[in-house]
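Have the model open in your viewer and keep the selection tool at hand. We will go from stop to stop, choosing what to select and then looking at what is there.

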Amino acid sequence: MPDRIETESRKLLGKLRTALAEDSAGQERLDRIVGLIAHSMRAEVCSIYLFRDSETLELCATEGLQAASVHQTRLRLGEGLVGRTAKFRRVINTADAPNEKGFRYMPETGEERYSSFCGVPIQRLGSTLGVLVVQSLAAREYSADEVYALEVVAMVLAEMTELGAFVGEGAALMPLHQQPRMFRGSIAQEGATEGTVYLHEPRVVITNPISDDPEGEETRLSDAIDELRASIDGMLTSTAQESSEQTTVLEIYRELANSRSWKRRMVADIENGLSAEAAVEKEQSLARARLGRSGNAYMRERVNDLDDLSNRLLRILTGQGTDTGEMPKDAVLVARNIGPGELLEYGKTLKAIVLEEGSVGSHATIVARAWAIPLVLNAKRITAEALNGNTILVDGDQGIVHLRPDDTVKSAFREKIAMQAAAQERYASIRDLPATTKCGTTLALHMNAGLMADLPSLDGSGAEGVGLFRTELQFLVRNKMPKRTELSNLYTRVISSAAGKRVAFRTLDIGSDKVLPYMKPNDEPNPAMGWRAIRVGLDKPGVLRMQLQALIRAANGGPLTVMFPFIAQLEEFRAAKSEIDKAMARERKLGHPLPKTLEVGAMIETPSIAFAPDAFFEEVDFVSIGGNDLKQFFFAADRENERVRRRYDTLNPAFLSFLEKIIERCDATNTPVSFCGEDAGRPVEALCFAAIGLRTLSMRPASVGPVKHVLRRVDLNDVRAIIATARADGAPSVRRAVADWLAYQV
Ligand code: PEP
Ligand code: MG
């Protein structure tokens, strides 16, 4: 970095700091800042554009353009060079702006006279807050050093915008974290709730982005990096004996933490006038923008590593965020993504969950659904916008989230909550009545469970039993493999809480998205179709055997129901069944009581097993259709991939025909069949399943009431007629026809 720019940049930051420290209104500050930058960069124009809403940039201050255009000129994201700078989060530096791709002339600004343009995104940790622009009459490209100086300034502006330094009149001048915001995400668990934001990873706030003591800041940075390295070394020593994979990850971290170029860049930022924490954040933002654009998945992963390290460093420097603060009573968890284990640690008391990523088929989602906690996924940028303590309304029915809502939105929302409470009362009133349709068909409604915490719902929901007990959730909540006695104690508690109702224990279904922290992860190209569930159980039978033994012991001479996940061919079922036979023989030998009755079933989760030889249907005691997996393999559409997940409807006639085929084969062999995928809990789907012949459905507890309510009001002959007509019409899904008809019945 040449000396001149170093001093220029530092001098400019020094002046900026004075301007920011002055007790003036937001607009005045902005006006002073653009003046200072234009002067120091020897540019005729300097302007600051800030986002008015997520799609619109507003000119908020200018030196050089028409003063009347301030707060008047607006651009959409991607529009003109300013909009493109924001959209692509990269610097646009050109000597010939009018001929640059995307140029759009704004007559009200009088900018046509300026040839050169340099726009730098004002960004903070992956969110773009606005654009800083300089323009000159002379046709010149700004030098790399000048661009660098602008980036440093933009970084400071980002921090100050966040802190509300430019608050004043006009929505764009409101501090970012005070404006109401609405997010449209995807529905994962219905329900409407009002609560208080609780961030899974709270943001670090930097209050001192500028410093005129580079030596002091460098020392702070070096000390913090030393502390960071020492903490990684500490983690390395404590995990060395435990798992070699964790050690490998930490070694990569250590390498990054020791990276000289990373430190060199941060030191250069400090030399240019930034504080140590601002330097860390500037490099973090730049790396995010640069690596995030990379087409290389490995490089994109490195962004996460670097992010994590930078966050740790920021926490050391600021002392913030190490203690996440007490969780409010009405906490709505806001996170980028969360694993099932982490979610289980938070517990059932959360009022709602909002994620930026996530997918409906993931196990974190299943946990939230089991707990009936409203969950919205894919709420883009919510972690950048939400602050701990903000009021938040989560509408899980529509996938909409209101952050810091105004009073009108709040009162409309409260009405909705009241209506839902009334519906709950209706469901409670039919809790002890059978799910009998008007035509006299009675369905058995069971519930899905996986945790001890779910069992109390057995009574509350009116479910007849547990149609699917996902045993892996118990493994996911621990940090080491449970022992056999622990497992059998746990299963004993499950069986006794069920108080005589049937519980279908599904043996461990790990792999795919369910990765146990203490088991060797397999780097598989496609884990959903990889080494998972019964495949692991049969190849490495130790855990399966332990589990079967624990189940037999827990049954303690009473009835026992076991089912195997992901059976793709008859031989797998036979092999799994023989593990039970062996376990029974062992237990008998040890003198332990054997279950009074033993039902051994299989999940139908792969299309292949629907076409298995008759012997399969004859040998199983029952089958349960795992629609979540079955549907993903039927349509070849990943249940975890939001892009394709909704592309094919469960009520697509092809899938219904496939289910009919399974039911037909079960009927022919007198094999009891149930459906335990998430779709069983959706009223329209449940109706169609009943219409095509399913008589047992297993769903999350909160769905039992709504499904029973609907079933009790319909005649399945009517539903069958509607399905037949929709099919004959060639409808891509029978949903619309059934849902429209249903609207008049309930
Ligand atoms: C299914 O696939 O439908 C199922 C019930 O199993 P899981 O969701 O646990 O994979
Ligand atoms: Mg499954």
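The tour below starts at the ligands and then visits a helix and several single residues. Keep in mind as you go that this is a predicted model.

**Stop 1: the magnesium ion**

Select ligand 2, the magnesium ion, and show the protein atoms that bind it. Which residues are its protein donors? They are Glu 605, through OE, and Asp 629, through OD, lying 2.0 Å from the ion. Now colour the elements these two come from: Glu 605 sits in the loop between strand 20 (598–604) and helix 20 (607–610), while Asp 629 belongs to helix 22 (residues 627–634), so the pair ties together parts that are 24 residues apart in sequence. Switch on a surface if you like; both Glu 605 and Asp 629 are buried.

**Stop 2: ligand 1**

Next, select ligand 1 and display its surroundings. How many residues surround ligand 1? There are 16, and the closest are Arg 470, Arg 506, Gly 626, Asn 628 and Arg 639. Colour this shell by residue type and you will find four nonpolar, five polar and seven charged residues.

The two metal donors turn up again here. An oxygen atom of ligand 1 is 3.0 Å from an N or O atom in the side chain of Glu 605. With Asp 629, the partner is a polar backbone atom, with an oxygen atom of ligand 1 at 3.0 Å. Add Arg 639 to the selection: an N or O atom in its side chain is 2.9 Å from an oxygen atom of ligand 1. The protein covers 100% of the 290 Å² of accessible area that ligand 1 has on its own.

To see where the shell comes from, highlight helix 11 (363–370), strand 17 (466–470) and helix 22, each of which supplies at least two of its residues. Helix 22 gives the largest share, three residues.

**Stop 3: helix 2**

Move to residues 26–41, which form helix 2, and put a distance between the C-alpha atoms at its ends. At 1.5 Å a residue, these 16 residues should span 22 Å, and the end C-alpha atoms are 23 Å apart, which agrees. Then show the side chains: the buried residues include Arg 29, Leu 30, Ile 33, Val 34, Leu 36 and Ile 37. As you turn the view, remember that an α-helix has 3.6 residues a turn, so residues three or four places apart point the same way. Step one residue past the end of helix 2 to Arg 42, where phi is positive, near 50°.

**Stop 4: two more positive phi values**

Select His 71, in the loop between strand 2 (56–63) and strand 3 (74–76). His 71 is not a glycine, yet its phi is positive, about 65°. Then go to Ala 533, in the loop between strand 18 (503–506) and helix 17 (534–539). Its phi is also positive although it is not a glycine, near 50°. Is Ala 533 buried or exposed? Its relative accessible area is 2%, so Ala 533 is buried.

**Stop 5: pairs to link with a distance**

Start with Ala 192 in strand 9 (residues 192–199). Ala 192 has a relative accessible area of 12%, which is under the 20% limit, so it counts as buried. Draw a line from its C-alpha atom to that of Val 394: the two residues are 202 apart along the chain, and the separation is 5.6 Å.

Now pick Ile 232 in helix 5 (residues 214–239). Ile 232 is buried, with a relative accessible area of 0%. Its C-alpha atom lies 7.6 Å from that of Tyr 253, a residue 21 positions away in sequence.

Finish at Arg 184 in strand 7 (residues 181–184). Arg 184 has 59% relative accessibility and therefore counts as exposed. From Arg 184 to Arg 369, 185 residues apart along the chain, the C-alpha distance is 19 Å.

Key. Residues are numbered from 1 along each chain as its sequence is written. Chains are lettered from A and ligands numbered from 1 in the order in which they are written. This is a predicted model: local features need pLDDT of at least 70, side-chain atom pairs count only at pLDDT 80 or more; totals for chains, interfaces and linings use all residues. Side-chain values use heavy atoms; hydrogens and water are left out. Donors are N, O and S atoms within 2.8 Å of the metal (3.2 Å for Na, K and Ca); water is not among the atoms, so sites may look incomplete. Helices (H or I, at least four residues) and strands (E, at least two) are DSSP runs, numbered from the N terminus. Buried means under 20% relative accessible area, exposed over 50%, partly exposed in between (1.4 Å probe, protein chains only). The expected span of a helix is 1.5 Å times one less than its number of residues. A residue is near a molecule or strand if one of its heavy atoms lies within 4 Å of it. A polar contact is a pair of N or O atoms within 3.5 Å; within protein, one must be able to donate a hydrogen and the other to accept it, and residues adjacent in sequence count only if both atoms are side-chain atoms. Accessible areas come from the Shrake-Rupley method with a 1.4 Å probe; for residues, only the protein chains shown count as cover. Ala, Val, Leu, Ile, Met, Phe, Trp, Tyr, Cys and Pro count as nonpolar, Asp, Glu, Lys and Arg as charged, and the others, Gly among them, as polar.
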